[in-house]
Amino acid sequence: MSTAAKTIMITGGAGFIGSHVVRLFVKKYPNYKIVNLDALTYAGNLENLKDVQSSSNYFFERADITNEEAIYSLFEKHQFDAVIHLAAESHVDRSIMDPLAFVKTNVLGTAILLNAARKYWKGSYENKLFYHVSTDEVYGSLGEEGFFTEETPYDPHSPYSASKAASDHFVMAYHDTYGIPVKMSNCSNNYGSHHFPEKLIPLMINNIKTNKPLPVYGKGENVRDWLFVEDHARAIDVIFHNGRVGESYNVGGFNEWKNIDLVKLLCSIMDKKLGRPAGTSEQLITYVTDRPGHDLRYAIDATKLNKELGWTPSLQFEEGLEKTVDWYLQNEEWIKNVTSGDYQKFYGELYDKR
Ligand code: NAD
Ligand code: TYD
């Protein structure tokens with residue numbers, strides 16, 4: 001896609017990754033009209049965007065992607081040239097508690113957006129693009145060796161990853177059947193500011209700060225490949241503009257960590273920042289019942305993205321984690337707001353019986 005003026009719908013823009021993508025596009029491309037479409041579920045928070053909300057090229061529409069009529073009328077109203085689709089139910093543990101919510105938003109919601117693009121772009125696809133943001137979890141689990149490439153067969157194990165895999169298949173099916181120009185990326189675990197504290201890193205930061213137990217699933221030996229969220233947003237920018245239509249790109253941090261080692265690293269960073277004697281926070285580590293169907297290891301081979309488009313991660317993990325911890329320590333009000341009310345109920349339901 002060229003950088004000529006255009007109108008882009010970014011779905012899920014009030015969430016963790018979406019807010020970083022909206023921020024990057026609003027600031028970097030003043031000639032683009034950016035419409036953030038978000039239902040503002042528990043995971044969506046307009047405070048995440050307060051630094052760009054008064055920009056003249058930024059617009060917000062509250063809508064649910066599973067509401068066909070609402071989506072069609074927004075396509076009618078804004079005449080989108082492109083969609084960057086991030087809206088999703090995104091937490092594996094919640095998908096185990098309520099799988100159908102994931103089928104609804106991630107599968108049906110994606111199909112409705114694709115159908116709206118088919119209907120309103122009316123087969124005239126010049127300068128149009130549907131960009132789907134997906135996850136490495138669709139590939140399933142690795143053993144001790146190897147990496148996920150774009151050719152790795154899909155093998156999802158959780159209701160979350162199964163719903164994302166289904167949505168990926170719909171995206172490619174709409175490309176093959178109707179010719180809609182699509183691009184897709186499958187990224188590893190992200191971390192950074194504005195991350196909802198149901199996921200490992202922000203949950204541990206919040207619990208260390210408030211002296212609560214640090215619930216490590218199983219033996220803590222599962223491995224994830226962590227990428228700084230702003231590097232993911234940069235990858236989306238590069239693929240959106242320069243990636244090949246009909247292709248998917250793996251995005252990863254070349255940065256594998258066992259959960260237990262990562263939690264210990266966070267403890268030591270936070271002991272220093274909070275002025276606690278070394279080793280204090282590690283005492284909060286509590287091994288709890290494992291997640292059912294828990295994938296052992298994710299690791300991305302991002303060679304295609306690097307070779308074709310020159311993207312590489314910009315930050316070392318320790319540096320990114322320090323930045324992230326600093327953000328949480330400086331934004332107490334944000335964490336207080338998102339952990340009040342419903343969060344307590346969710347936390348109790350998931351952790352009290354483990
Ligand atoms: P998130 O849960 O923080 O945010 C999701 C956003 O989508 C929220 O703003 C929420 O309000 C919105 N939303 C949810 N259901 C909706 C609906 N029915 N209609 C409209 N809006 C709705 O998620 P995230 O971590 O920012 O992930 C964003 C995307 O990136 C997802 O598609 C996810 O699968 C993918 N992804 C995430 C990671 C990660 O590490 N977090 C890694 C790879 C890919
Ligand atoms: P999470 O952040 O939920 O991401 P995902 O499951 O999508 O990779 O979890 C990251 C890893 O941390 C995963 O192996 C599960 C583990 N984990 C814990 O050990 N304790 C926790 O409280 C959470 C939320 C996750």
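**Figure 1. Y42, with 25% relative accessibility, is partly exposed in this predicted model, and Y42 belongs to a cluster of aromatic rings.** Buried residues have under 20% relative accessible area and exposed ones over 50%, with partly exposed in between (1.4 Å probe, protein chains only). F196, another member of the cluster, counts as buried at 9% relative accessibility. Ring pairs connect these two residues with Y217, Y343, F346, Y347 and Y351; rings of Phe, Tyr and Trp (its six-membered ring) pair if their centres lie within 6.5 Å, and planes under 30 degrees apart are stacked, over 60 edge-to-face and the rest tilted. Residues are numbered from 1 along each chain as its sequence is written, while chains are lettered from A and ligands numbered from 1 in the order in which they are written. In this predicted model, local features need pLDDT of at least 70 and side-chain atom pairs count only at pLDDT 80 or more, whereas totals for chains, interfaces and linings use all residues, and side-chain values use heavy atoms, leaving out hydrogens and water.

**Figure 2. The rings of F25 and F240 meet edge-to-face.** In the whole structure, a search returns 24 aromatic pairs. In the pair drawn here, the ring centres of F25 and F240 lie 5.6 Å apart and the planes stand at 90°, which is why the pair is classed as edge-to-face. Because F25 sits in helix α1 (residues 16-28) and F240 in helix α7 (residues 229-242), the pair ties together parts of the chain that are 215 residues apart in sequence; helices (H or I, at least four residues) and strands (E, at least two) are DSSP runs, numbered from the N terminus. F25 is buried, its relative accessibility being 0%, and F240 is likewise buried, with a relative accessible area of 0%.

**Figure 3. Y42 and F196 form an edge-to-face aromatic pair.** The distance from centre to centre is 5.1 Å, with 80° between the planes of Y42 and F196. Distant parts of the chain are linked by this pair, as Y42 lies in the loop between β2 (33-38) and β3 (58-62) and F196 in the loop between β7 (189-191) and α6, 154 residues apart. The loop between β2 and β3 also holds L40, a residue other than glycine whose phi is nevertheless positive, near 55°.

**Figure 4. Helix α12 packs through its buried residues against several other elements.** Within α12 (residues 342-351), the buried residues are Y343, F346, Y347, G348, L350 and Y351. Of these, Y343, F346, Y347 and Y351 also take part in the ring cluster. The buried residues of α12 pack against three helices, α3 (92-97), α6 (200-209) and α11 (332-338), and against strand β8 (214-217), where a contact means heavy atoms within 4.5 Å.

**Figure 5. Helix α6 is mostly covered.** Of the 10 residues of α6, 8 are buried, namely I201, P202, L203, M204, I205, N206, N207 and I208. After α6 comes N211, whose phi is positive, near 60°. This helix is also one of the elements against which the buried residues of α12 pack.

**Figure 6. S248 lies in strand β10 (residues 248-251), and F254 in the loop between β10 and β11 (256-258).** S248 has a relative accessible area of 14% and is therefore buried. Leaving aside residues up to four places away in sequence, S248 touches E150, M172, M184, N186 and K304. F254, by contrast, is exposed, with a relative accessible area of 52%, and the phi of F254 is positive, about 50°, although this residue is not a glycine.

**Figure 7. S268 belongs to helix α8 (residues 259-273).** At 31% relative accessibility, S268 is partly exposed. Between S268 and G279, which are 11 residues apart in sequence, the distance in space is 6.9 Å from C-alpha to C-alpha.

**Figure 8. The protein chain that frames these views has 12 helices and 12 strands.** Its radius of gyration is 20 Å, close to the 20 Å that the globule rule gives for 354 residues, so the chain is as compact as a globular protein of that length; the radius is taken over C-alpha atoms, and the rule is 2.2 Å times the number of residues to the power 0.38. Along the principal axes, the C-alpha atoms fill a box of roughly 65 × 45 × 40 Å. Of the 354 residues, 58% count as buried, and among contacts between residues at least 6 apart in sequence, 83% join residues at least 24 apart.
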